[in-house]
Amino acid sequence: MKLLTLFVLSIIALSSVAIDNPKTLSLGSKAPDFNLKGVDGKNYNLRSFKNSKILVFVFCAPHCPTAQAYEDRLIDLQNKYKSKGVQVIMVNPNSPEAVCLEEKGYTELGDTFEEMKIRAANKSFNFPFLDDGETEEMSIAYGPVATPHTFIFDESRKLRYVGRFDDSEKIGTATQHDAQNAIEALLAGEEVPVKQTKVFGCSVKWKWKNEAKIKLDAEWLTKKVDLEKITLDGVKNLVENNSGNLRVINIWATWCGPCVAEFNDLVETFRMYQARDFEMFTISMDKLTITEKVKKFLNNKHAAFTANYIFGADDKYKFIEAIDPEWQGQIPYTLIIEPNGKVVARFEGGVDPLLLRTKIVENKLIGRYF
């Protein structure tokens, strides 16, 4: 009976947390301990930083455009104050289970531990990057409301500043450097001038708040998938790209193993960037006599791209020249084309989804920031 009572009480406690966002830690509170794995493979807790005078916890996530805009600033902060005993620690509070594909329109990465490792390596983070996405226990205790959210603790591990890093997510435009001012005051033994501010950024993706992801995934399965025949002139117009958008064209066939293997990644890529200035087209090189088979494949993959085409004509070599004179003819073949027909990336014989997404998000027409 006692075990049953404890179980019921634990369920009630979890439900009470899940109803609302966790409360942000109050100023003057002691830093709650934690035990989290870093991207370097080490486990960290408060004792890991016992030799640091000041701890700067920043809750960030790889997918968030606002958080990305602060990554270089955090690196600079650590470089500037490391010798003075200041330690920056980045924590990912997000559960990957609650992150929608449609929320990844400003990144090539999601918020899984493996993707955290990629971001840390790409940016050469000079501070620990910890994953709290599995249990979110630390994040629940600290209560970040958005990414990024900064918590600064003094040598006795009391919270002395909580809020924004500075007053502008747009790189190079900040005028109020709240986190740095708090650090300077603590190092000087003075009162922090501004102790708490509001924050701006992506909401924390709590594990229990995955309704949006479930809804969008379900809606995607209901989208209409079309297939049209395209002529040689239509191909030329597609490559000319007079839309003003960044355009991806994928050449494939149902009989091509690598083509079939990469289709799920293409669908996810389109879902990520569809709300941006972005389009994706596929052209099947199958014969017209199996059009219904091609349609069935596209429907099974829920390939609701900007448009799907089937070429079907016998003269494949005119098609090759129309698509890209540099193409040798192997499929799958994927192009990224800027407006006015400028090819900025080519992927022969299969596409690495991470590389494709990186090329897309780093293009000037898309970008990582607002």
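**Salt bridges**

By the rule used here, the protein has 25 salt bridges (a salt bridge is a side-chain nitrogen of Lys or Arg within 4 Å of a carboxyl oxygen of Asp or Glu). The model is predicted: local features need pLDDT of at least 70, side-chain atom pairs count only at pLDDT 80 or more, and totals for chains, interfaces and linings use all residues. Residues are numbered from 1 along each chain as its sequence is written, and side-chain values use heavy atoms, with hydrogens and water left out. Side chains of opposite charge can pair when their charged atoms come close.

The table lists three of these pairs.

| Salt bridge | Closest N and O atoms | Citation |
|---|---|---|
| Arg271 with Glu102 | 2.9 Å apart | |
| Arg368 with Glu108 | 2.7 Å apart | |
| Glu279 with Arg247 | 2.8 Å apart | |

What does the pair of Arg271 and Glu102 tie together? Arg271 lies in helix α9 and Glu102 in the loop between β4 (86-92) and α3 (113-123), so this salt bridge ties together parts that are 169 residues apart in sequence. Helices here are DSSP runs of H or I with at least four residues, strands are runs of E with at least two, and both are numbered from the N terminus. Arg271 is buried, with a relative accessible area of 6%, while Glu102 is partly exposed at 25% relative accessibility. Buried means under 20% relative accessible area, exposed means over 50%, and partly exposed is in between (1.4 Å probe, protein chains only).

The salt bridge of Arg368 with Glu108 also links distant parts of the chain: Arg368 is in the segment after α12, Glu108 is in the loop between β4 and α3, and they are 260 residues apart. Both Arg368 and Glu108 are buried. These two residues belong to a network of salt bridges that links Glu71, Glu108, Arg119, Glu362 and Arg368.

In the salt bridge of Glu279 with Arg247, strand β12 holds Glu279 and strand β11 holds Arg247, and the two are 32 residues apart. Glu279 counts as buried at 12% relative accessibility, and Arg247 is buried with a relative accessible area of 7%.

**Helix α12**

Helix α12 covers residues 353-361, and its buried residues are Leu356, Arg357, Thr358, Ile360 and Val361. Which elements do the buried residues of α12 pack against? They pack against the strands β11 (246-252), β12 (278-284), β14 (333-338) and β15 (342-348), and against the helix α9 (263-273). At the start of α12, a side-chain oxygen of Asp352 comes to within 3.0 Å of the backbone nitrogen of Leu354.

Thr358 is in helix α12 and is buried, with a relative accessible area of 17%. If residues up to four places away in sequence are not counted, Thr358 touches Glu108 and Arg368 (a contact means heavy atoms within 4.5 Å). Glu108 and Arg368 are the residues that form a salt bridge with their closest N and O atoms 2.7 Å apart.

**Helix pairs**

Two packed helices are described by the angle between their axes and the distance between the axes. Axes are lines fitted to C-alpha atoms, for helices over the stretch in contact, and angles run from 0 to 180 degrees between N-to-C directions.

The axes of helix α7 (residues 232-240) and helix α11 (residues 316-323) come within 9 Å and cross at roughly 20°. That makes α7 roughly parallel to α11. Angles under 35 degrees count as roughly parallel, over 145 as roughly antiparallel, 65 to 115 as roughly perpendicular and the rest as oblique. In this pair, Leu232, Val235, Lys236 and Val239 of α7 meet Lys318, Phe319, Ala322 and Ile323 of α11.

Helices α6 and α9 have axes 13 Å apart and pack at an angle of about 120°. The two helices are therefore oblique to each other. Leu216, Asp217 and Trp220 of α6 make the contact with Val267, Phe270 and Arg271 of α9. Arg271 is also the residue that forms a salt bridge with Glu102.

**The whole protein**

The protein has 12 helices and 15 strands. Its C-alpha trace spans about 80 × 60 × 30 Å along its principal axes. Of the 370 residues in the protein, 50% are buried. Among contacts between residues at least 6 apart in sequence, 77% join residues at least 24 apart.

Key:
A polar contact is a pair of N or O atoms within 3.5 Å; within protein, one must be able to donate a hydrogen and the other to accept it, and residues adjacent in sequence count only if both atoms are side-chain atoms.
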